[in-house]
2 protein chains.
Amino acid sequence: MASTSLPDIHSHPMIRKLESVFTLSDDEKGAILNLPMQVVDIRPDQDIVREGDSPSRSCLVLDGFACTYKITGEGRRQIVAFNIVGDIPDLQSLHLRMLDNSIGTLSPCTVGFIPHDALRTLCERHPRIASALWRSTLVDAAIFREWMTSIGRREAYSRIAHLLCEMLVRLNAVEKAEGHTCDLPITQAEFGDALGLSTVHVNRIFQDLRADGLIRTKGTQLTVPDWDRLQEAGEFDRSYLHLERQNFRL
Amino acid sequence: MASTSLPDIHSHPMIRKLESVFTLSDDEKGAILNLPMQVVDIRPDQDIVREGDSPSRSCLVLDGFACTYKITGEGRRQIVAFNIVGDIPDLQSLHLRMLDNSIGTLSPCTVGFIPHDALRTLCERHPRIASALWRSTLVDAAIFREWMTSIGRREAYSRIAHLLCEMLVRLNAVEKAEGHTCDLPITQAEFGDALGLSTVHVNRIFQDLRADGLIRTKGTQLTVPDWDRLQEAGEFDRSYLHLERQNFRL
DNA sequence: CCCGCGTATTGATCCATGTTAACGCCCGGC
DNA sequence: GCCGGGCGTTAACATGGATCAATACGCGGG
């Protein structure tokens, strides 16, 4: 599969992501740019891969919002992660035969499928890239731990505040937010599925957050007028995101 | 630091764990056996490492039960993982500068501290071991996802049933259970902290599970008289544990 | 054999959040 | 400009689980 060439080197989301940890050599950058990648556009609310699949490739989110989720025996959905540009939400399938979760789009998405063979070769030849990819799966795990803590031990108000803080910081890190404003094409029902709350309750709390002046929304756009108070409300401390070399205005 | 030599090759928990995925060469086994390891006994309810630490070594659980946890701003505890023999609960610190969680003992524990240097060298020289360690952090993440789903979307009864199934399967995998019986030195308060429930409610549900004939307890010992029904009650499907080559009686 | 302490158990009451069911708004398609 | 569907909003009511406060049990130490 030929790779669709991207405008310039720094716009490759994988390079951008890895460079947030350390500087890549030209050789390493070249190896990434030469990865075979099948680029596909996907409509909203479509599954990219399904629980039980044994994919032979992983998907890199090039644009849009996706989510990782599981469905309960009773048919209830738990979203365990929101995936944004640069994320490789099923990188785990490189080492685990069977997917234990599904991944679906929330908004229109562009994703790049990269064969496992190519990734394995990349890792063998470039140990630093292998480490960086390992690291990125460890950051994902850190986010899981934080979400678990939110869902298990924080009340709805701070749970939502926390998630909004996280999304804003992560989107800033990939330049998909301008300061305290970002586009967040996530419905209240989807927030509920991520936070273990009902849609109705999410709605109630959103109104409280607005009334308290912590957030403002306009369509899918979120603005945070009082970043400090939102962080307090959510007990948000970004260190679990393990961001390094970030150029935050936040 | 000299390694305390262990009885025989197969009793090294790390070898046993890695061999559950693929067969190690003698060379690989030797490298693991030669890892420098400081062996320490730790009393119950002691922290092994704390959130915010930047350790230069990782700890391998050699015996006993430990847990990974976070404390909320309001001082509430969320246990995000139970650690048993063979687990390396802070392996992540090999690639992430700062720990985003604490790890503490539940029962008396023996742990082995292995310097990061030694682990990094091991990974460089033995790529298959590196992959296996990466894999094991991915399995940990899969367990996080499953717990999140339980906490977010399952009611208390099936949440507890699910966790008991998981512990029994994991303990069987490391030969720390005999069929449907195992020693589980975890208090009801600790179960509560792991499941996002109050101690009182955990107690009530345990009584329901006993009354329904799904479990029996005697001190810290758990017996599951009806494995099928317990699995149903917890919607338990072990595939997320990604066990391979297991010799289950279960 | 008794004491003391951590853990399990119980009962009463409260409340955060779920459920159900309308209704309304906005936006894209025709 | 109207229609339809998804999403947000509201209200009334139900409930799982939290909290608080005793009380009981089991076990190691003296």
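I will walk you through two interfaces in this structure, one between chains and one between domains, and please keep in mind that the model is predicted.

Let me begin with the two chains, where 46 residues of chain B are in contact with 46 residues of chain A, and where the two together bury about 4,300 Å², with 60% of that area on carbon and sulfur atoms. Across this interface there are 8 salt bridges, including one in which the side chains of A:Arg145 and B:Asp100 meet at 3.0 Å, N to O, and there are also 26 residue pairs in polar contact. On the side of chain B that touches chain A, the elements giving two or more residues are strand 5 (77-83), helix 4 (127-153) and helix 6 (188-195) of chain B, and the largest share, 19 residues, comes from helix 4. By residue type, that side of chain B divides into 19 nonpolar, 13 polar and 14 charged residues.

Now let me turn to chain A by itself, which the domain assignment divides into domain 1 (9-144) and domain 2 (155-241), with C-alpha centres that lie 24 Å apart. The contact between them takes 17 residues from domain 1 and 19 residues from domain 2, and about 1,600 Å² is buried between the two domains, 63% of it on carbon and sulfur atoms.

Here the count is 3 salt bridges, and in chain A the side chains of A:Arg77 and A:Asp193 meet in a salt bridge at 2.9 Å, N to O. Between the domains there are 7 residue pairs in polar contact, and on the side of domain 1 that touches domain 2, strand 5 (77-83) and helix 4 (127-153) of chain A each supply at least two residues, with strand 5 giving the most, 5 residues.

Terms used. Residues are numbered from 1 along each chain as its sequence is written. Chains are lettered from A and ligands numbered from 1 in the order in which they are written. This is a predicted model: local features need pLDDT of at least 70, side-chain atom pairs count only at pLDDT 80 or more; totals for chains, interfaces and linings use all residues. Side-chain values use heavy atoms; hydrogens and water are left out. Contact means heavy atoms within 4.5 Å. Buried area is the accessible area (1.4 Å probe) that two parts lose on being put together, summed over both. A salt bridge is a side-chain nitrogen of Lys or Arg within 4 Å of a carboxyl oxygen of Asp or Glu. A polar contact is a pair of N or O atoms within 3.5 Å; within protein, one must be able to donate a hydrogen and the other to accept it, and residues adjacent in sequence count only if both atoms are side-chain atoms. Helices (H or I, at least four residues) and strands (E, at least two) are DSSP runs, numbered from the N terminus. Ala, Val, Leu, Ile, Met, Phe, Trp, Tyr, Cys and Pro count as nonpolar, Asp, Glu, Lys and Arg as charged, and the others, Gly among them, as polar. Domain bounds come from an automatic or database domain assignment.
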